[in-house]
Amino acid sequence: MEKNKLASPPPSLHVLRRLRRRHFNRIFAVLHSLAILSLLYHHLHAIGVSPFASLLLFIADLILSFSWITGQAFRMNPVARKEFPENLSEIIDRKDYPPIDIFICTADPYKEPPMVTVNTALSVMAYDYPPEKLSVYVSDDGGSELTMFAFMEAVKFAKKWLPFCRENNILERNPDIFFDSTNSNGMEIKKLYEAMKMKVETIVNLGKVNEGFISEDDDRRILSEFSDDGFSSQDHDAVIQVLLNSEKDKDVGGGPLPNLIYVSREKRRATPHHFKGGALNVLLRVSACMTNSPIILTLDCDNFSNDPITAQRAVCYLNTSVGSPNRPDCGYVQFPQRFNKLNKGDIYDGELKIMFRMNPAGLDGLGGPDFFGTGCFFRRRVFFGGPSSYIKSGNLKLDPDHSVDRPMDDPSILMLARLVACCDYENGTYWGSRIGFRYGSLVEDFYTGYRLQCEGWKSIFCDPERPAFFGDSPISLIDSLSQIKRWSIGNLEVAFSKFSPLTFGVKSMGALMGLAYGHYAFSPIKSIAIAIYAFFPPLALLRGIPIFPKVQDQWFWVYLIFLGTYIQESFEFISKEGTFERWWNSQRIWLVQGLSSHLFGSIEYVTKCLGIASHGFNVTCKVSDDEQRKRYDRGVFDFGVHSMMFVPLVAATILNFVAFIWGWVLILNNANRGEFVLQIAIVGFGVTNALPFYKAMVLRRDEGRIPMKTTLNALLMVGFLYGVACALS
């Protein structure tokens with residue numbers, strides 16, 4: 001009996017289920033591909049009859065077909081996973097849980113308020129995980145005393161907040177979220193939090209830490225580093241401060257606390273700093289000097305924990321102890337980005353459900369999802385070559401298997417940490433090219449995940465029922481489009497590099513994974529196709545020129561087959577906890593991005609390649625005013641400021657509206673009515689999607705309306721395009 005008990009297998013830590021719809025997806029892909037080939041053949045055959053129109057439509061449909069075909073890689077083998085963190089203690093003792101280093105990045109105390117970063121840090125410091133196994137590293141790329149002061153205050157609050165969470169078994173361990181969602185009036189812990197919050201927000205409003213806010217000599221000494229002569233956010237020495245040491249510091253109950261380390265790397269104006277990727281590599285090296293934990297969690301400053309057992313969920317996949325069924329080539333576990341405070345209809349598609357939940361489930365059935373930049377648990381080993389091709393860092397104390405044998409606040413450790421945080425440390429090394437987070441693209445997260453998988457690492461997509469993390473989403477259209485524009489530039493940098501997914505990626509990972517990464521990398525070029533369909537059909541309609549098959553023509557029905565794609569996507573979207581309203585807004589924003597962020601991102605990438613312009617990393621603003629928030633909550637589009645990105649959008653809405661009216665005039669006065677039906681349907685589809693734009697141009701008088709300057713520029717663009725159309729027809 002005892003023998004049988006010893007021979008029993010360990011409990012399962014996770015299971016995988018392949019989704020049945022993969023069979024339908026494959027059949028539909030074949031049928032749809034035949035329709036695409038038929039349509040392209042039709043365009044080529046018609047070039048002899050109407051060369052200009054047929055060539056334009058051929059180009060547009062070829063680009064859209066490429067986007068659709070590469071996107072089918074996500075549908076070939078979608079899977080769903082479930083993990084059992086409750087079984088983890090039967091595999092390994094809690095005291096033997098692997099240590100975790102947590103990286104939190106912030107860059108601007110005004111766009112990313114320090115209290116947002118503090119709440120994120122507190123939420124992960126309060127994980128239901130051995131506190132002495134957690135080390136939180138905060139990268140302050142703004143080099144701000146405001147952020148440092150906020151964390152000095154957070155340390156005092158953490159000593160009471162962490163035991164409060166454990167003793168009361170709280171799920172929402174972001175204090176701001178907890179106090180907003182709970183009847184906590186009169187709680188002593190809430191009073192402490194409100195006092196801390198008021199103090200931090202006061203010094204942010206003042207723009208400096210006044211002497212009156214400093215009560216201890218140690219605090220004064222720490223903050224004095226920011227007042228040295230010549231210190232600025234873009235030009236300063238490295239600042240590294242151990243704010244909590246788990247070996248020494250205790251909470252109010254005498255229990256251990258996690259480590260908390262503030263890091264602001266050295267910066268010089270003349271030295272490239274590689275934006276967030278460079279900051280993450282500094283954290284990778286500094287943490288190697290101090291703790292060198294085998295697992296690393298990366299978080300954006302606003303991506304707070306929503307589930308205290310998320311770390312255990314990740315360990316279910318990353319644990320490689322004796323008897324574990326996990327694969328040694330599993331490099332990282334990616335949790336989906338989820339967003340709180342979205343309005344009912346999610347008018348800007350801030351949820352990004354397709355990108356962050358649907359497509360990763362498809363990639364998980366192939367080689368694993370890409371890296372989203374946040375909410376990802378890595379093995380430290382992945383940053384030092386492939387599973388079978390280890391690359392040394394050049395410093396033994398930075399290697400992933402090095403054991404730190406001194407306290408983190410030992411002078412020699414701090415000296416080494418400042419050395420590896422120097423701005424010229426990476427010169428002449430593999431950092432950023434073959435080691436660490438990779439440089440070469442504005443989307444360092446996407447590019448890093450892609451390169452890691454090309455090296456042979458696999459990844460896991462973990463999408464538990466309770467969201468692991470929540471973040472903030474832009475609540476104005478310009479902020480949303482600016483973010484997508486930056487991603488567009490970065491994606492094109494990957495697409496046309498020597499590591500292009502369609503060549504290097506296919507060779508390294510296989511056809512389906514290469515196509516999936518190619519779908520993202522080349523996504524901005526769809527702006528060409530969207531621009532053609534947004535402007536060419538209405539212009540031709542205004543000139544009375546039919547460019548699509550008549551209703552009686554057999555080719556007319558080929559176009560109707562493409563409705564199947566919309567039906568398929570809407571079904572998948574709604575089945576993933578979505579609604580029809582949110583799906584409709586998602587496809588609308590897909591079109592909006594094609595005429596704005598993707599279009600201007602592509603133009604900026606081309607001008608950069610020609611040496612005409614350069615681009616940089618813009619921090620997405622996490623601050624909004626009350627009126628803007630009210631408009632967003634009501635589901636009202638917020639334009640607010642003039643931007644050239646809005647001009648093609650507004651021009652297309654004006655042109656399609658005029659053409660739609662004129663199209664009906666043509667049908668009512670034309671005996672051969674069938675030749676304009678498809679053209680009017682496409683223009684009408686554009687008008688339907690543009691309804692919020694018409695309201696913002698004509699009916700609204702609030703601060704979020706479309707500025708008159710934008711409308712006038714759009715009218716000039718419409719006049720110019722119509723003049724060109726008249727000259728060519």
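## Helices, sheet and cores in a predicted model

Helix α14 (residues 444-454) and helix α16 (residues 501-509) have axes that come within 8 Å and cross at roughly 40°. That angle makes α14 oblique to α16. From α14, the contact uses Y450, Q453 and C454. From α16, it uses P501, F504, G505, S508 and M509. By class, the residues of this contact are five nonpolar, three polar and no charged. The model is predicted.

### Two more helix pairs

Helix α24 (residues 646-668) also packs against another helix. The axes of α24 and helix α26 (residues 691-699) come within 10 Å and cross at roughly 95°. Angles from 65 to 115 degrees count as roughly perpendicular, and α24 is therefore roughly perpendicular to α26. On the α24 side, L649, V650, T653, I654 and F657 make the contact. On the α26 side, F693, Y694 and M697 do so. Seven of the contact residues are nonpolar, one is polar and none is charged.

Helix α21 (residues 580-594) and helix α25 (residues 677-689) pack at about 110°, with their axes 10 Å apart. That makes α21 roughly perpendicular to α25. W584, Q587, R588 and L591 of α21 meet F685, T688 and N689 of α25. This contact has three nonpolar, three polar and one charged residues.

The table sets out the three pairs.

| Helix pair | Axis distance | Crossing angle |
|---|---|---|
| α14 and α16 | within 8 Å | roughly 40° |
| α24 and α26 | within 10 Å | roughly 95° |
| α21 and α25 | 10 Å | about 110° |

### The sheet

What is the strand order of the open sheet? The sheet has eight strands, in the order β5-β6-β4-β3-β7-β10-β9-β13, and its pairing is mixed. At the edges are β5 (239-244) and β13 (458-461), each of which pairs on one side only. Neighbouring strands are turned by 20° against each other on average, direction ignored.

Inside the sheet, β9 and strand β10 (residues 376-379) run antiparallel and are joined by three bridges. Q334 has C376 of β10 as its bridge partner.

Helix α10 lies across β3 (100-106), β4 (134-140), β5, β6 and β7 (295-300). Its direction is at about 145° to β3.

### The cores

The largest nonpolar core has 109 residues. Which residues have the most contacts inside it? They are I240, V286, M290 and F378. Helix α24 gives this core its largest share, ten residues.

F378 has many partners. Leaving aside neighbours within four places in sequence, F378 is in contact with P294, I295, I296, T298, G331, Y332, F371, F383, F437 and L452.

There is also a second, separate core of 73 residues. Its members include Y129, L146, F149 and L260.

### A covered helix

Helix α11 (residues 310-318) is mostly covered, with nine of its nine residues buried. Among them are T310, Q312 and R313. A314, V315 and C316 of α11 are buried too.

### Residues in loops

W431 is found in the loop between α13 (411-420) and α14. Is W431 buried or exposed? Its relative accessibility is 4%; buried means under 20%, so W431 counts as buried. Not counting residues up to four places away in sequence, W431 touches N281, L284, R285, F384, S393, L398, Y425, E426, G436 and Y439. One of these partners, S393, is 38 residues apart from W431 in sequence. In space, W431 and S393 are 7.9 Å apart, C-alpha to C-alpha.

Two further loop residues have a positive phi. H274 has phi near 60°, a positive value in a residue other than glycine. H274 lies in the loop between β6 (259-264) and α10 (275-290). At 35% relative accessibility, H274 counts as partly exposed.

D346 also has a positive phi, near 50°, and is a residue other than glycine. Where does D346 lie? D346 is in the loop between β9 (330-334) and α12 (353-364). With a relative accessible area of 2%, D346 is buried.

How values were computed. Residues are numbered from 1 along each chain as its sequence is written. This is a predicted model: local features need pLDDT of at least 70, side-chain atom pairs count only at pLDDT 80 or more; totals for chains, interfaces and linings use all residues. Side-chain values use heavy atoms; hydrogens and water are left out. Axes are lines fitted to C-alpha atoms, for helices over the stretch in contact, and angles run from 0 to 180 degrees between N-to-C directions. Helices (H or I, at least four residues) and strands (E, at least two) are DSSP runs, numbered from the N terminus. Angles under 35 degrees count as roughly parallel, over 145 as roughly antiparallel, 65 to 115 as roughly perpendicular and the rest as oblique. Contact means heavy atoms within 4.5 Å. Ala, Val, Leu, Ile, Met, Phe, Trp, Tyr, Cys and Pro count as nonpolar, Asp, Glu, Lys and Arg as charged, and the others, Gly among them, as polar. Buried means under 20% relative accessible area, exposed over 50%, partly exposed in between (1.4 Å probe, protein chains only). Two strands pair if DSSP finds at least two bridges between them. A nonpolar core is a set of buried Ala, Val, Leu, Ile, Met, Phe, Trp, Tyr and Cys residues joined through side-chain atoms within 4.5 Å.
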